[in-house]
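I opened the notebook to record what I looked up in this structure. The entries follow in the order in which I made them.

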Amino acid sequence: MPSRYKKNLSLKYFVVPAIIILLTFATVSFLAIRGIRSSFYSLLEQQATQHAENYALQITKSTEAIEVINELLNDKLLTAMNSVSLIVDRIDNETLTVWADSLGIDEIYYYNQAGEILYSNQEHYLGWMSYPGHPVDDFRLSPEPFRIEDIRPDSESGILNKYSYVRTPEGFFQLGIRAIRLDTLVDAFEPNSLLTEMAHKTHVDTLYLLNSDRIVQSSSDPSLIGSRIEEPSLQEMLAPGEPQVMIKRLPEEGVYQVYTPVKLGDTTVGILGLTTSLAPTQRMSDQLTIFGLVAIAVIFGSLSHAVYITYKRKNQLLEMAYHDPNSGLPNRRSLLSTVLDNRQANTALLLAHVRNFDNINLVYGFHFGHTLFRALAQHVQASFADRYQVFHVAGNRFGFYVPTYLPKDELIALAKEVVEVLEEAIEEQGFKHQLDVRVAICDIPDPQADPEKIFANVSVALLHGETAEEPYIFFTPAMEEQLLRSDVIERELRRFLTDPQGEQAGRLWVEYQPIVDLTTNEVVYFEALTRMHLPGLGRIAPPEFIKIAEQQQLAVELGKWVLCESCKFLRQLREHGFDHILVSINISASDLLQTGFAKRMIDLVGQYQLTPQIINLEMTESTLMLDSDTANEVLQSLRAQGFCIAIDDFGTGYSSFARLEDLSVDIIKIDKFFVDKILTTDTERLVIGDLVRMCHRLGLKVVAEGVEEETQRQYLKEQGCDLMQGYLFSRPLLPADAIELLQSHRRSQLA
Ligand code: C2E
Ligand code: MG
Ligand code: MG
């Protein structure tokens, strides 16, 4: 059996969407990072291809430039060679110097057949001998008449020169043009420099040019020159129709390599290799990943926080919605939800009402009352929680849900236990014998029953239990019918009192029952008795609709209407010459205790040009007992105004003669209960005579109610009772009939 009702939101409703959002976000981030990385690599690829193309262009350009320079130098050397042929007969150092100047040649040497320098404009080289392997010796031994070499550094000075040779019969000339002014130009087109510059400009780590054997020919990194790239597939690249770019990623080495062929025109002259460190890409990718992770963490953190706050708020709202803020117990909504969720046959609901707890609130204040009630609630909860679910459904009411079948006697035992536990709880707080607890029990045989209906039923039973002898009561369908009936009566009453002349006219009317002097047999006054007849329900007994009027705060309106009707009747009596006859009106407790009651009565009577002296006001002992001090004050003021006050149904309540002395009244109406006894009890045992005498001693007039038999009339007369009311003389009558009764009585006296 559940120990305590708990209504909670499941966290899964919040966590699952949060996880879905997180996963979605993580996937999107992952794809975004991957996309950015791959676009970075494709950018790198494009760059590599671009570099290769640029390099090929540069090579082309440099080749062309060098060719142009060579041609220029060649032309110059050719001219010079032709010219020096003319001076073969007069060669000496001076002539060579003059010729060199005039031809714009930097160096001019004349060798003999053995390869020794005989004459030169560079005198410090005179006597130098060519040696095997030296380009000079190479020409000396060749059969060629002349030769123009490519630019090369001088073997002695290291200065860059372009040399040419031309044979004479005795030896040969060597002419040299310094290429020093062209150094920069040549350097610029020198492959290594070109690659270094390109690598620098394009932020590539290394650029290198491979030949068809994959050997590095030139490179921005000189240490690589001569090394071989171990990548056989590079050779395939040189074959026509193969892909023009090959990309290799070497994560272990942290580099990225791109190879692309370099073409001069249609001829592939080599492969351009490009090595770039993966570090920047890796760095960017790492940064992106970190950024993504941080974003995920922030978003997930915020989301989790929002989810947690929402979850907590929702739980707080649920807690508030399903618990009573004062007692902390689950409330009526919880109870309904529990009944709805259980869906078992033969369960039961008990509703306990601590009826007089409001008195404690009034006497000790609401703050104290709340604290005390909380203590009661906790005690009850502690006593029953292990067996039943306890709810604080409203005000001073507790609900107990029995989720399994319990036989009737056990339900009764439980109801009694509830009463005991509550009494025990209040005693613990120092209030002995203070509580008036009623428990209503409602069986729930149908598992599909509407919880609201069950609650309504048990509440109806509680209403009926207010007057029951036992502290517990079981709900019966008849109670519900009674409730529906009361509802109809209340509605009709309300509509009638809103507009007595309207659609509901005739549903209520007043009849008047004569009250006769027992000595003279004369009508002294009439009691106004209200009647109600409803379509479908027929005649409604006054105690029933009067009670409903009191419960539904309609007693004041009803009282006003009865007084108005009675005043109209009194006017009719006056018009027919019965000036001495009074009318008695029944007053409800709630009407009497309303502030301004006395003034309202006087005002209304005044409206009909009547005086209070011709009106009796009847009220029961219980009415006066409710708030006796206030009631007595009102009675005194009413009597001071001239109204006559009667105590109705005397002997049925708790008042004693001692109390009667204190009350400000004029007439005592002995209840029918005592009058009926005249017919059934020995005259020695009747108390009615004593009652009459004691009332007379207090100066009060006595009316006997419900006199139906002549024997009763006789006895009452003998005992000195003043007045009588009952069917023996007349039933309650319509105004016209009442006047007719008086008139016929007058006629009979005159006759
Ligand atoms: P009550 O004021 O004690 O009125 C006397 C009741 O006894 C009336 O019942 C009357 O019809 C009945 N009665 C009179 N003589 C006899 C008799 O010989 N035999 C029997 N069996 N009954 C007799 P009724 O009219 O049903 O009224 C019942 C109660 O309803 C009244 O008792 C009164 O307390 C209350 N009531 C009636 N009309 C009004 C009203 O307009 N306002 C208020 N506040 N209460 C009213
Ligand atoms: Mg009465
Ligand atoms: Mg009475």
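**Entry 1: a nonpolar patch**

I started at the surface of this predicted model. I found a nonpolar surface patch of about 570 Å², made by Leu362, Val363, Tyr364, Phe366 and Phe368. I then asked which helices each supply at least two residues of the patch. They are α9 (357–364) and α10 (366–384). The largest share, three residues, comes from α9.

I picked one of the patch residues, Tyr364, and placed it in helix α9. Its relative accessibility is 47%. Partly exposed covers values between 20% and 50%, so tyrosine 364 counts as partly exposed.

**Entry 2: domains**

Next I looked up the domain assignment of the protein chain. Domain 1 is given as 72–183 and domain 2 as 332–475. Domain 3 is written in two pieces, 511–527 + 557–744. How far apart do the C-alpha centres of domain 1 and domain 2 lie? I read 132 Å for that distance.

**Entry 3: magnesium ion, ligand 2**

I listed the protein donors of the magnesium ion (ligand 2). They are Glu527 (OE), Asn586 (OD1), Glu618 (OE) and Asp648 (OD), and they lie 2.0 to 2.2 Å from the ion. Along the sequence, these donor residues follow the spacing E-x58-N-x31-E-x29-D. Two of them show how distant parts of the chain are linked: asparagine 586 sits in strand β20 (residues 582–586) and aspartate 648 in strand β22 (residues 644–650), 62 residues apart.

I also asked whether each of the two is buried or partly exposed. Asparagine 586 has a relative accessible area of 32%, so I noted it as partly exposed. Aspartate 648 has a relative accessible area of 6%; buried means under 20%, so aspartate 648 is buried.

**Entry 4: magnesium ion, ligand 3**

I turned to the magnesium ion (ligand 3). Its coordination comes from Asp648 (OD), Asp649 (OD) and Glu705, the last listed twice through OE, at 2.0 to 2.7 Å. The donor residues are spaced D-D-x55-E in sequence. Here too distant parts of the chain are linked: aspartate 648 is in strand β22, while glutamate 705 is in the loop between β24 (701–704) and α23 (710–718), 57 residues apart. Both aspartate 648 and glutamate 705 are buried.

**Entry 5: the two ions together**

Which residue bridges the two magnesium ions? I found that aspartate 648 does, with ligand 3 and ligand 2 lying 4.2 Å apart. That agrees with my two donor lists, where Asp648 appears for ligand 2 and again for ligand 3.

Note on methods: Residues are numbered from 1 along each chain as its sequence is written. Chains are lettered from A and ligands numbered from 1 in the order in which they are written. This is a predicted model: local features need pLDDT of at least 70, side-chain atom pairs count only at pLDDT 80 or more; totals for chains, interfaces and linings use all residues. Side-chain values use heavy atoms; hydrogens and water are left out. Donors are N, O and S atoms within 2.8 Å of the metal (3.2 Å for Na, K and Ca); water is not among the atoms, so sites may look incomplete. Helices (H or I, at least four residues) and strands (E, at least two) are DSSP runs, numbered from the N terminus. Buried means under 20% relative accessible area, exposed over 50%, partly exposed in between (1.4 Å probe, protein chains only). Patches are made of residues with over 30% relative accessible area and no salt bridge: like charges are joined within 9 Å, nonpolar side chains (Val, Leu, Ile, Met, Phe, Trp, Tyr) within 5 Å. Accessible areas come from the Shrake-Rupley method with a 1.4 Å probe; for residues, only the protein chains shown count as cover. A salt bridge is a side-chain nitrogen of Lys or Arg within 4 Å of a carboxyl oxygen of Asp or Glu. Domain bounds come from an automatic or database domain assignment.
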